[in-house]
Amino acid sequence: MSINSLHPTRRTFLSNTAGGVGFFALAHLLQREGLLAAEGPSKPGENLPASLAPRKPHFAPKAKAMISLFMHGGPSHVDLFDPKPELARLNGQEYQGDVKYSFVNRASKKLFGSPWKFAKHGKCGTEVSELLPHTASIVDDICVVRSMHTGFNGHEVSIRYFQGGIAGITGRPTMGSWITYGLGTEAQNLPAYMVLTDPSGPPVDAAHNWSCGFLPPLYQSTVLRPQEPRILNLDPPPDAAGVIQRHLATHPGEADLEARIASYELAAAMQTAAKDALDVSKESERVRNAYGLDQPETREYGTRCLIARRLVERGVRFVQIFLGNQPWDTHNSIHTGLPPICKRTDQPAAALVKDLKQRGLLESTLVHWGGEIGRLPVCEGELNKTAGRDHNGQGFTCWLAGGGIKSGMTFGATDEVGHKAIENVVTPNDFQATILHLLGLDHDKLVYLHGGKPQRLTDGRPARIVKEIFS
């Protein structure tokens, strides 16, 4: 079996499974030995060599790793992080704002004040909804950005914008792939870019959400299925076992091949390291309970948050926890639909920040919480207990913590009813440029030549580094 014949097998495997560790390890070893060349256009001075070895950033970084808690479906900012007294005062009245561009489905024009109370918390006094009591306990450690804006109201178009840099365009490298392309990884026995998916339903178009696009396949995400938990095909398929050993038996005395077999044993070490990282039973009961593993509502998401901490602790560069089936997509019955998803995610997300801080990892780990869109200030359906909220990409909220972010602050603002971002607007490209900067990367200089032109995460469009939120 030739080395070359391994390459297409790996690519097919990665395409079909989003990255099993066994073959990932094999490809990693091959590239370390110079046997796996970078794919795509190659031009001196343009593309970095295909490698996961740690690279020097463009400048001194604030953060070394990132955990993205991606809240797919559009969390309702006006019910969680962006209190609007005027919206409550005008509850039930007809909205006088411009609705031509914003209402995409079945939204009415009746303003819908939040049914939940807000209160100030921490020394900073940031206001948070009663639905998020655990997040309220970490407001002095986070920066709440209330002026996110995509300009699009659909889920997938905005997810592509956040993940790949261009709204609605598939097949581009996602942010995790760009980060690992630019920085490599400190974890040479674990994948650099890992995605922890939601067992409650199939991942949404995972091939696009976590794709390496036109970058070499070395930067493809590795997907963790947390049901057991396990990584897809952590152990190699039976027909792959012993291939090289059998080849050696028929070609005795080949010292180079014997040396190669010894190096391939590192692949087994990678599998062992991955299994160890996923074993949360090694954590104390106090830590497991802090993440909510002792409660049925929070156990699954808490396990993923705890695994994320264990991964960055071991040098993994980028971890994303993704929620499937759009649980924040509260088109109707928000009174009964919003509390359960808040209950499921609130304690684990807050525990992650507290745990990283207690271990001295928060300073070097950037944590992101947020979805692709928010919700409208008007009701969808009748203004009663069955009311919901439609999509809103004009203004919504996310929060950031650690990794050079100024803590205990809010940034930006939406209008008086929470419809549109009007102060210090932050687009996904601004967000990406800011994240890359905190990791020591210049978004304009992080380039890959493809299709006859230099490609960037932000696609060369104007992108503002939001330095006002830097510590």
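In the predicted model, tryptophan 369 is buried, with a relative accessible area of 4%. Phenylalanine 81 is likewise buried, its relative accessible area being 2%. A search of the whole structure yields 15 aromatic pairs. One of them joins phenylalanine 81 and tryptophan 369 in an edge-to-face arrangement, with 5.3 Å from centre to centre and 70° between the planes. This pair links distant parts of the chain, 288 residues apart: phenylalanine 81 belongs to the loop between helix H3 (77–80) and helix H4 (85–89), whereas tryptophan 369 belongs to strand S10 (residues 365–370).

A further pair is formed by phenylalanine 214 and tyrosine 448, whose ring centres are 6.2 Å apart; the planes meet at 20°, so the pair is stacked. Phenylalanine 214 is located in the loop between helix H8 (206–209) and strand S7 (222–225), and tyrosine 448 in strand S18 (residues 448–450), so parts of the chain that are 234 residues apart in sequence are tied together by the pair. Both phenylalanine 214 and tyrosine 448 are buried.

Aromatic residues also occur in a cluster, made up of Phe70, Phe162, Trp210, Phe322, Phe396 and Phe431. In another arrangement, a charge is placed over a ring: the charged end of arginine 389 sits over phenylalanine 112, at 4.2 Å from the centre of the ring.

In soluble globular proteins, nonpolar side chains tend to be buried together. The largest nonpolar core in the model contains 59 residues. Those with the most contacts inside this core are Leu69, Leu80, Trp328, Leu338, Val367, Trp369 and Trp399. Helix H13 (residues 334–358) supplies the largest share of the core, ten residues. With neighbours within four places in sequence left aside, valine 367 is in contact with Ile67, Leu69, Leu352, Val353, Leu356, Leu362, Trp399, Leu400 and Ala401. A second core, separate from the largest, has 47 residues, including Phe214, Tyr219, Leu366 and Phe396. Phe214 is thus found both in this second core and in the stacked pair with tyrosine 448, and Phe396 is also part of the aromatic cluster.

Tyr219, listed in the second core, is also among the residues touched by serine 177. Serine 177 lies in helix H7 (residues 175–183) and is buried, with a relative accessible area of 0%. Apart from residues up to four places away in sequence, serine 177 touches Tyr193, Ser211, Cys212, Leu215 and Tyr219.

Terms used. Residues are numbered from 1 along each chain as its sequence is written. This is a predicted model: local features need pLDDT of at least 70, side-chain atom pairs count only at pLDDT 80 or more; totals for chains, interfaces and linings use all residues. Side-chain values use heavy atoms; hydrogens and water are left out. Rings of Phe, Tyr and Trp (its six-membered ring) pair if their centres lie within 6.5 Å; planes under 30 degrees apart count as stacked, over 60 as edge-to-face and the rest as tilted. Helices (H or I, at least four residues) and strands (E, at least two) are DSSP runs, numbered from the N terminus. Buried means under 20% relative accessible area, exposed over 50%, partly exposed in between (1.4 Å probe, protein chains only). A charge sits over a ring if NZ of Lys or CZ of Arg is within 6 Å of the ring centre and within 35 degrees of the ring normal. A nonpolar core is a set of buried Ala, Val, Leu, Ile, Met, Phe, Trp, Tyr and Cys residues joined through side-chain atoms within 4.5 Å. Contact means heavy atoms within 4.5 Å.
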